[in-house]
2 protein chains.
Amino acid sequence: MSLPDEHPPGLMAALMDGLRRLPGVGAKSAQRMAYHLLQHDREGALQLGRALEAAVMGMRHCERCHTFTEAAVCSTCLDAARDPRLLCVVESPADQAALERTGSYRGLYFVLMGKLSPLDGIGASDIGLPLLIERASDPALREVIIATNFTAEGEVTAHVIGETLRSRGLRVTRLARGVPIGSELEYVDLGTIAHALSDRR
Amino acid sequence: MSLPDEHPPGLMAALMDGLRRLPGVGAKSAQRMAYHLLQHDREGALQLGRALEAAVMGMRHCERCHTFTEAAVCSTCLDAARDPRLLCVVESPADQAALERTGSYRGLYFVLMGKLSPLDGIGASDIGLPLLIERASDPALREVIIATNFTAEGEVTAHVIGETLRSRGLRVTRLARGVPIGSELEYVDLGTIAHALSDRR
């Protein structure tokens, strides 16, 4: 306890270090969060601590679709009302949730939990591609819909997955690119308009 | 496990709820943080969980200056090299750290751990005012420097503390208001220039 207080003492420094592990949280935010929790919400801090431990211990990947689940197979994969002929490949559970909210898809999913990013050292096995190939060998399957994001990395991921599955004789489609509903052409980026033109129907 | 996956299962929901207790973290950020930790940094999640529990259990308020400390009295208050005639009142440990970094203050501190905010129900006892009054009764003390922030709430806090301590016969000063070093008058707000004019020396 002989350090000057500008170096926060051990437990506080450990807490700030821990908070900085969260994505998007830098030194300033971590400090603000630590002081807030200790000053105003110790119960919340304990609750978060317990939730972190329970989630790390209890959450694993679904054996069929690779999403996070507490059981061996997630509830979506077990849902008998879903169409087993359709498999939609998404990058994350958040993307899956967005598709679910549309209410217009009743097939099954495969969640990559990431995207190909060779520059960051994220290769095919990191995003569960071997598991996807195995999953796609399901004889009930008629079509794989690739719904990775329309970013550079999402497009590369879509390309690699598409090539891999097509070479196995599967029908592979991609979400349509085009002008978003409600937008005015004047304010839509040129790449989107060009795609909407070439994919016109 | 019969819920659709757009409602994340129990442990995931609990983790997102826990993360939302952090200041500045909404539903979207909490979701992103939860997926990141479970997918890419389970060790970090455990480390954060342990740090939270250890900090809640181990951190308390310094008996003299009210800041966070693991001991009964913090290292700053115990530092015999500091001038016991000066007491600087700040809102937070972060403000104290900013003053320390200037290297131009060698007195002691009192950390309010907040600011008066009647609209939010934060009154004098919530910011340790009774402890400050007790601390200010130290016969060694010659001057109390109020260094609360120059915001509306910080100014109200400074005013209340100033009145309270002055009525007890103490010499109370306030950090100078004025034009920041390196700034051009053209871009300084009018209130600051007006203060700099009236406080000219």
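Here, buried means under 20% relative accessible area, and exposed means over 50%. With that in hand, this is a quick tour of a predicted model in which a rotation of 180° with 0.0 Å of shift along its axis lays chain B onto chain A. We'll look at how the copies pair up, how chain A is divided, what helix α7(A) does with its two sides, and a few residues worth finding on screen.

**How the two copies pair**

- Chain B superposes on chain A with an RMSD of 0.0 Å after that 180° rotation, which is the relation of a two-fold axis.
- If you want to find the axis from chain B, go to G49(B): its C-alpha is the nearest one in that chain, 2.0 Å from the axis.
- The copies meet through the same surface, because 100% of the interface residues of chain B are also interface residues in chain A.

**How chain A is divided**

- The domain assignment splits chain A into domain 1 (11–58) and domain 2 (61–174).
- Taken over C-alpha atoms, the centres of those two domains of chain A are 32 Å apart.
- An unreviewed UniProt entry lists residues 62–77 of chain A as "zinc finger region: C4-type".
- That 62–77 span in chain A is 19% helix and 12% strand, and its end C-alpha atoms lie 8 Å apart.
- UniProt, again in an unreviewed entry, lists residues 85–180 of chain A as "domain: Toprim".
- For residues 85–180 of chain A, the figures are 33% helix and 20% strand, with 28 Å between the end C-alpha atoms.

**Helix α7 of chain A, side by side**

- Helix α7 (residues 152–166) of chain A has 15 residues, and at 1.5 Å a residue they should span 21 Å; the end C-alpha atoms are 21 Å apart, so the two agree.
- Which residues of α7(A) are buried? They are G154(A), T157(A), A158(A), I161(A), G162(A), T164(A) and L165(A).
- Look down the axis of α7(A) and these buried residues fall within an arc of 165°, so they line one face of the helix.
- Flip to the other side of α7(A) and you'll find A152(A) and H159(A) exposed.
- The cover over the buried residues of α7(A) includes β3 (83–90), α6 (129–135), β5 (143–146) and β6 (171–174) of chain A.

**Two buried residues that touch both chains**

- L37(A) sits in helix α2 (residues 27–40) of chain A, and it is buried at a relative accessible area of 1%.
- Setting aside neighbours within four places in sequence, L37(A) contacts R42(A) and A45(A) in chain A, plus R21(B), L22(B) and L52(B) from chain B.
- M12(B) belongs to helix α1 (residues 10–20) of chain B and counts as buried, with 1% relative accessibility.
- Not counting residues up to four places away in sequence, M12(B) touches M59(A) and F68(A) across in chain A, along with A34(B), Y35(B) and L38(B).
- For a sense of scale, M12(B) and L170(B) are 158 residues apart in sequence and 55 Å apart in space, C-alpha to C-alpha.

**An unusual backbone angle at M113**

- M113(A) has a positive phi of about 60° although it isn't a glycine.
- You'll find M113(A) in the loop between β4 (107–111) and α6 of chain A, where it is buried with a relative accessible area of 6%.
- Over in chain B, M113(B) is also not a glycine and has a positive phi of about 60°.
- M113(B) lies in the loop between β4 (107–111) and α6 (129–135) of chain B, and at 5% relative accessibility it counts as buried.

Methods:
Residues numbered from 1 in each chain as written. Chains lettered and ligands numbered in written order. Predicted model: local features only at pLDDT ≥ 70, side-chain atom pairs only at ≥ 80, totals over all residues. Heavy atoms only, no water. UniProt positions renumbered as here; feature names shortened; annotations may be inferred. Helix = DSSP H or I, 4+ residues; strand = E, 2+ residues; numbered from the N terminus. Least-squares fit on C-alpha atoms with pLDDT ≥ 70 in both. Contact = heavy atoms within 4.5 Å. Domains from an automatic or database assignment. Expected span 1.5 Å × (residues − 1). Buried < 20%, exposed > 50% of the residue type's maximum accessible area, 1.4 Å probe, protein only. Arc of directions from axis to C-beta.
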